[in-house]
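Biologist: I'm new to this one and would like a close look at a single part, not a quick tour of everything. Could you pick a spot, stay with it for a while, and then show me how the rest fits around it?

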Amino acid sequence: MRALMLALSLIVFPLQTLAIAPEQVRALAQIEARLQTAPQMLGRFEQKKTLPQLPRPLLSSGVVALSQKQGVSWRIEQPLASHLLLNEESAGDDALARQIAYPLLQIFRGNFSALDGLFYVVGENAEDKWQVTLTPKNEAIARVIASIEVSGDRAIEQIRLAEANSAVTEMQLLELRAVDETDPQFKAEFNDLTATPQE
């Protein structure tokens, strides 16, 4: 995730005009229609990061919370506790941080067509599974990220981030479900004072 943030920090908004081919517009519309979206969602994640210089992958797991109002809470519980709170509001007056927050939120919300200004967006919609592949248009992003693959069925289930340095991060979202904003666990994810806004 940090590699994605770094790459996106190298670009300048606003987004380019959408230029997705008509067949891809249809595929992305079908994929986005399949996704069960809600103002608040809560679940867990398992993450595996493979680095070419390490013999074994780095494993982590924790809780993810998605909020239309508050952004994304990504709390690692194992092996070491950390908490990332990402949203445009937490970026304050930092224009660069707000620019990073926007595309990340679109990925987690499944709003892939909005990212055409940054990536070549290719969607494949099958009966039991869909996949969206994002390949950087911008050379600065391409120096850090090779591709991002997002897949699932009724919700986003897997995100695979391939970095230009051959590192690969695979995130699996588990038990992602809609919750009410008064849900105690959901509220705790955003009210936790240990959450650290991304700078």
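**A close look at Ile-20 and its surroundings**

Modeller: Let's start with Ile-20: setting aside neighbours within four places in sequence, its contacts are Val-25, Leu-28, Ser-113 and Asp-116. Bear in mind as you look that this is a predicted model. Ile-20 sits in the loop between α1 (2-8) and α2. Is Ile-20 buried or exposed? Its relative accessibility is 17%, and buried means under 20%, so Ile-20 counts as buried. There's also a long jump in sequence here: Val-122 is 102 residues away from Ile-20 along the chain, yet their C-alpha atoms are separated by 8.7 Å.

Now follow the chain from that loop into helix α2, which covers residues 22-34. You can check its length yourself. With 13 residues at 1.5 Å a residue, α2 should span 18 Å, and the C-alpha atoms at its ends are 19 Å apart, which agrees. Which residues of α2 are buried? They are Gln-24, Ala-27, Leu-28, Ile-31 and Arg-34. Look down the axis of α2 and these buried residues fall within an arc of 120°, so they line one face of the helix. Leu-28 ties this back to where we began, since it is buried in α2 and is also one of the contacts of Ile-20. On the face turned away from the buried side, α2 carries the exposed residues Pro-22, Arg-26 and Ala-33. And what do the buried residues of α2 pack against? That would be two strands, β5 (119-125) and β6 (130-136). Val-122, the distant partner of Ile-20, falls within the range of β5.

From here we can step outwards. Leu-134 is within the range of β6, and Leu-134 touches Ser-147. Ser-147 belongs to strand β7, and at 14% relative accessibility it counts as buried. Its other contacts beyond four places in sequence are Arg-160, Leu-161 and Ala-162.

β7 (145-152) also takes us to an open space, as it is among the elements that give two or more residues to the lining of the second largest pocket. That pocket holds about 220 Å³ of space. Of its 15 lining residues, Gln-158, Ile-159, Glu-170, Met-171 and Gln-172 are the closest to the centre. Besides β7, the elements giving two or more residues to this lining are β1 (40-50), β2 (58-67), β8 (156-163) and β9 (168-178). By type, the lining has three nonpolar, six polar and six charged residues.

While you're at β8 and β9, look at two backbone angles. Ser-166, in the loop between β8 and β9, isn't a glycine but has a positive phi of about 80°. Ser-166 is exposed, with a relative accessible area of 52%. Glu-175, within strand β9, has a positive phi too, near 55°, and isn't a glycine either. Glu-175 is exposed as well, at 60% relative accessible area.

There are closed spaces to find too: three cavities of 30 Å³ or more. The largest cavity has about 170 Å³ of space and 16 lining residues, with Thr-37, Met-41, Leu-66, Phe-108 and Arg-109 nearest its centre. β2 and α3 (95-109) each supply at least two residues of that lining. Here the lining divides into nine nonpolar, five polar and two charged residues.

β2 turns up again beside another helix. In α5 (residues 184-191), Phe-186, Glu-189 and Phe-190 are buried. Viewed down the axis of α5, they fall within an arc of 85°, so they line one face, much as we saw for α2. Pro-184 and Asn-191 are exposed on the other side of α5. The cover over the buried residues of α5 includes β1, β2, β3 (71-78) and β4 (82-86). In the loop between β3 and β4 you'll find Pro-79, which is joined to Gln-78 by a cis peptide bond with omega about 0°.

Finally, zoom out. The chain has five helices and 10 strands, and buried residues make up 46% of its 199 residues. Among contacts between residues at least 6 apart in sequence, 54% join residues at least 24 apart. The pair we began with, Ile-20 and Val-122, shows how far along the chain you may have to look for a spatial partner: 102 residues.

How values were computed. Residues are numbered from 1 along each chain as its sequence is written. This is a predicted model: local features need pLDDT of at least 70, side-chain atom pairs count only at pLDDT 80 or more; totals for chains, interfaces and linings use all residues. Side-chain values use heavy atoms; hydrogens and water are left out. On a 1 Å grid over the protein atoms alone, a cavity is a set of points where a 1.4 Å probe fits but cannot get out, and a pocket is an open set with protein on both sides within 12 Å along at least five of seven lines; lining residues have an atom within 4 Å of a point. Grid points are joined across faces, edges and corners, and a volume is the space filled by probe spheres set on the points. Helices (H or I, at least four residues) and strands (E, at least two) are DSSP runs, numbered from the N terminus. Ala, Val, Leu, Ile, Met, Phe, Trp, Tyr, Cys and Pro count as nonpolar, Asp, Glu, Lys and Arg as charged, and the others, Gly among them, as polar. The expected span of a helix is 1.5 Å times one less than its number of residues. Buried means under 20% relative accessible area, exposed over 50%, partly exposed in between (1.4 Å probe, protein chains only). The arc is that of the directions from the helix axis to the C-beta atoms. Contact means heavy atoms within 4.5 Å.
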